[in-house]
Amino acid sequence: MWSEGQVAGWKKVTDAVHAAGGKIVSELWHVGRFSSVELQPDGAAPVAPSAIKAEGNTYTTEGFVPVSMPRALQTDEIPGIIEQYKKAAENATRAGFDGVEVHSANSYLLDQFLRDSTNQRTDRYGGSIENRARLTLEVTEEIVKIWGSDRVGIRLSPVTPDAGNTPPDSNVMALHGYLIEKLDAFNLAYLHFVEGATATSREVPAGVDMDALSGLFNGHFIGNNNYDLDMAIERRASGKIDSVAFGRLFISNPDLVERLRRGAELTIAPRESYYGGGAKGYTDWPNGNY
């Protein structure tokens, strides 16, 4: 959300959501190393905390291409990254969003700074847990100044390998324990947590306790990853979560809430339809027959 054209385009979307009585939050996202030279200005290398290549393919106008080798950001470039987040947050206000979510998850740029598997820096943004958490906290602080804490959430994914088949941090509990306690001081609108490996499994490595980590956050907690209605009800009743984020099920069930309410059958979208670049298999799913 860096151009005037994007602001105008998103304003059409937010207006439509508000006309239907809904709320809409923009996830502010920098992919870091998980990019291609084909997507970068002048064919430059993607930027990352360290020059460590990810695995996998990323989507371009020509289809999927392998991700490229990134270059390490210079220390004096990092304020410019923070400014990019600030500009996106400011543009989100003009586009009519109801809030913003800091995307510090799923092995993208902020998460790449968090994990020692992708951050081998020796400056104030690398090495210690405090240093590796610095960028996420600085970005969050600046966005809270723009939006107010009650309109800013954050997304974390302590152990997911995707994107890029990225190893977790060597000490997940210490890193995210520190980070969540610092984030809690911002009085954010919510913490959105990927519990396990995104879109695949809720299993976590030995020694990692997701519920212990989420318990460090005193605000509204949103659980995410492979939830069905029964799990959502059980975990909310037991105080493990406050809300649930359903993702993939909404692609093929535009009336998901009503289907869950009625116990209607759910449609499962094939994964190949997720990033097709058009409406087919993405926005053309019909409402159910109840």
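Which residues of helix 2 are buried? Here are some notes on that and a few other spots, with the reminder that this is a predicted model.

1. **The buried side of helix 2.** To take the opening question directly, the buried residues of helix 2 are Ile78, Ile81, Ile82, Tyr85, Lys86, Ala88, Ala89, Asn91 and Ala92. You may like to pause at Lys86 and Asn91, both of which are on that list. As for their surroundings, the buried residues of this helix pack against helix 1 (4-19), strand 1 (25-28), strand 6 (99-104), helix 3 (109-114) and helix 5 (134-147).

2. **Its length and its end.** Helix 2 covers residues 78-94, 17 residues in total. From first C-alpha to last it reaches 25 Å, close to the 24 Å expected at 1.5 Å a residue. Do look just past the helix as well, where Gly96 takes a positive phi of about 90 degrees.

3. **The hairpin.** Strand 3 (residues 57-60) and strand 4 (residues 63-66) run antiparallel and are joined by 4 bridges. The hairpin between strand 3 and strand 4 passes through 2 residues. For a handy landmark, find Thr60, which stands opposite Gly63 in strand 4.

4. **Trp29 with Tyr108.** The structure holds 6 aromatic pairs. One of them is formed by Trp29 and Tyr108, edge-to-face, at 5.2 Å centre to centre and with 85 degrees between the planes. This pair links distant parts of the chain, 79 residues apart: Trp29 is in the loop between strand 1 and strand 2 (47-48), while Tyr108 is in the loop between strand 6 and helix 3. Their burial is worth a glance too: Trp29 is partly exposed, with a relative accessible area of 48%, whereas Tyr108 is buried, at 13%. Tyr108 counts as buried because its 13% is under the 20% cut-off.

5. **Phe34 joins in.** Phe34 and Tyr108 also form an edge-to-face pair, at 6.2 Å centre to centre and with 70 degrees between the planes. Phe34 lies in the loop between strand 1 and strand 2 and Tyr108 in the loop between strand 6 and helix 3, so this pair ties together parts 74 residues apart in sequence. Both Phe34 and Tyr108 are buried. Taken together, ring pairs link Trp29, Phe34 and Tyr108 into a cluster.

6. **A charge over a ring.** One last place to visit is Tyr227: the charged end of Arg202 sits over its ring, 4.8 Å from the ring centre.

Conventions: Residues are numbered from 1 along each chain as its sequence is written. This is a predicted model: local features need pLDDT of at least 70, side-chain atom pairs count only at pLDDT 80 or more; totals for chains, interfaces and linings use all residues. Side-chain values use heavy atoms; hydrogens and water are left out. The expected span of a helix is 1.5 Å times one less than its number of residues. Buried means under 20% relative accessible area, exposed over 50%, partly exposed in between (1.4 Å probe, protein chains only). Contact means heavy atoms within 4.5 Å. Two strands pair if DSSP finds at least two bridges between them. Rings of Phe, Tyr and Trp (its six-membered ring) pair if their centres lie within 6.5 Å; planes under 30 degrees apart count as stacked, over 60 as edge-to-face and the rest as tilted. A charge sits over a ring if NZ of Lys or CZ of Arg is within 6 Å of the ring centre and within 35 degrees of the ring normal.
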